[in-house]
Amino acid sequence: MSSLITPDPGAVDTLDLTDPRTHAEYDLTRVWQRLRKEQPFYKHRPVGGSEGFWVVSRYEDVSTLYRDTRRFTSEKGNVLTTLLLGGDSAAGMMAAVTDGPRHNDLRRILLKAFSPRALTGVVENIQAAARQLLLDAVAREECDFARDVAAHIPLNAICDLMAVPQADRPFVLECTEAALGSDGGAQSPAVAWQARNDILAYFEKLATERRRNPGTDAVSLLATGTLEGKPLTMDEIVVNCYSLILGGDETSRLSMTGAVAAFLEHPDQWRALLDGEVEISTAVEEVLRWTTPAIHFGRSALEDVPVGDQGQQIKAGDVVTLWNNSANMDEEVFANPGRFDLARTPNKHIAFGYGPHFCLGAYLGRAEIAAMLTALRDIVTTIEPNGEPRRVYSNLLSGMTSLPVVLRPA
Ligand code: HEM
């Protein structure tokens, strides 16, 4: 594995947590330890011409703030980029950046599409795909686990969830790749913008058809649902369709790839999985805690809120960032948090957030990781590194966009 820079934990003021390089090139373990211990509500300096922001690192505080939608809103953005720009254009329309009764209505509609019963067929397809992708990978021996295996599962699952016809999938996959540029973004901003518009236009067409002829998929549910008593507008339908891709594609890929990277570093845990010493469902939770693909989310304070035991006060309007990756390593909650332990129980990680905005795709995300772990256990015996992994450059997501490995069959 490529070596990361280990900054002096005392020099936290020199770090810029908005800079993707800080997360991709530095090992912040000791920085987070120090913040949790000494400055659990840390005020980050202003960077790039925007206001400073609060950095919340303890599990207890992060989960308390996630729950507190009365004093902390998502409607001014829920990630650093939009929060520091002063807002999100989808606020009040897209579930993740909507609060109150409208948010309840959107969740009510989407939860139907995400119910375990509705997802039975989707999960069966995920299991079959995971097996086939690994069979192909062991047949070739060499593969890039991120690109050749993990990348092929989540977006297809989301297309299943929305009942995107098979014939349209190459187009949707291509546009998503170009719009989100998850692999370092080789394409120009203009190409990305065009691709995003193409996907939105595609969903508009699909939603118009589903309004006339609805099924039980997520697009039909949005197209026929009501928000505060009125049918959803086309903009509301389309941004929520897009949010499923935004929320569910890269996060799931990163957690599956992160599991394989963790096995390379912790061969005892790979053995434990192979020998059937751990339940898959228990292992899934540790993979989620360990990889924590979404490292932060954020809120804006609606009123002054006293915090911590150092007489600090968050002021109305302040941006507050909640660091899931630190919370999931909090030694007050997790025994020996730096150990990757597939049998860890209890394991109340907050990789999916907490409270009213708790991830709608949690069941699906878990099913994808479970399918991958099961297929790995059944099909592969040896995993070897086969080149330098490449990390994602982001202040929101963490993990690897490339992980070359050799997989040998059972
Ligand atoms: C919300 C993480 C998979 C769709 C969230 C939140 C987190 C998260 C931390 C909370 C955001 C906040 O509080 O502001 C993850 C991780 C995943 C994953 C780590 C995989 C390992 C998925 C999938 C989908 C999805 C597969 C859909 C197909 C959503 C949506 C929300 C959300 C729509 C907004 C919910 C709301 O605001 O009510 N996710 N997610 N996620 N996620 Fe996921």
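Which protein atom is the single donor to the iron atom of the ligand, and how far away is it? The donor is the SG atom of Cys359, at 2.3 Å from the iron, and the protein supplies no other. The structure described here is a predicted model.

## The iron and its protein donor

Cys359 belongs to the loop that runs between helix 15 (324–327) and helix 16. This residue is also listed among the closest to the ligand, together with His103, Arg107, Arg299 and His357.

The loop between helix 15 and helix 16 also holds Pro346. The peptide bond that joins Thr345 to Pro346 is cis, with omega at about -10°.

## The shell around the ligand

In total, 28 residues surround the ligand. By character, this shell consists of 15 nonpolar, 11 polar and two charged residues.

Oxygen atoms of the ligand lie close to polar atoms of the protein at several places. For His357, an N or O atom of the side chain is 2.6 Å from a ligand oxygen. For Asn78, the corresponding side-chain distance is 3.1 Å. At Ala95 the partner is a polar backbone atom, 3.4 Å from an oxygen of the ligand. Two or more residues of the shell come from each of helix 5 (100–113), helix 12 (234–265) and strand 7 (296–301). Helix 12 provides the largest share, six residues.

## Helix 12 against helix 8

Helix 12 also packs against helix 8 (154–161). The angle between these two helices is about 145°, and their axes are 8 Å apart. Their crossing is right-handed.

On the side of helix 8, the contact involves Pro154, Leu155, Ile158 and Leu161. Helix 12 meets them with Leu244, Ile245, Gly248, Asp249, Ser252, Arg253 and Met256. Seven residues of this contact are nonpolar, two are polar and two are charged.

The loop between helix 8 and helix 9 (169–180) contains Ala163. Although Ala163 is not a glycine, its phi is positive, at about 50°.

## Helix 16 against helix 6

Helix 16 (residues 362–379) packs with helix 6 (residues 120–140) at an angle of about 35°. The axes of the two helices are 9 Å apart, and the crossing is right-handed.

Helix 6 brings Val122, Val123, Ile126, Gln127, Ala130, Arg131, Leu134, Leu135 and Val138 to this contact. From helix 16 come Tyr363, Leu364, Ala367, Glu368, Ala371, Met372, Ala375, Leu376, Asp378 and Ile379. The contact between helix 6 and helix 16 comprises 15 nonpolar residues, one polar residue and three charged residues.

Conventions:
Residues numbered from 1 in each chain as written. Predicted model: local features only at pLDDT ≥ 70, side-chain atom pairs only at ≥ 80, totals over all residues. Heavy atoms only, no water. Axes fitted to C-alpha atoms, helices over the stretch in contact; angles between N-to-C directions. Helix = DSSP H or I, 4+ residues; strand = E, 2+ residues; numbered from the N terminus. Left-handed = near helix turned anticlockwise from the far one by under 90°. Contact = heavy atoms within 4.5 Å. Nonpolar A, V, L, I, M, F, W, Y, C, P; charged D, E, K, R; others polar. Near = heavy atom within 4 Å. Polar contact = N/O pair within 3.5 Å; in protein donor to acceptor, adjacent residues only side chain to side chain. Donors = N, O, S within 2.8 Å, 3.2 Å for Na, K, Ca; no water.
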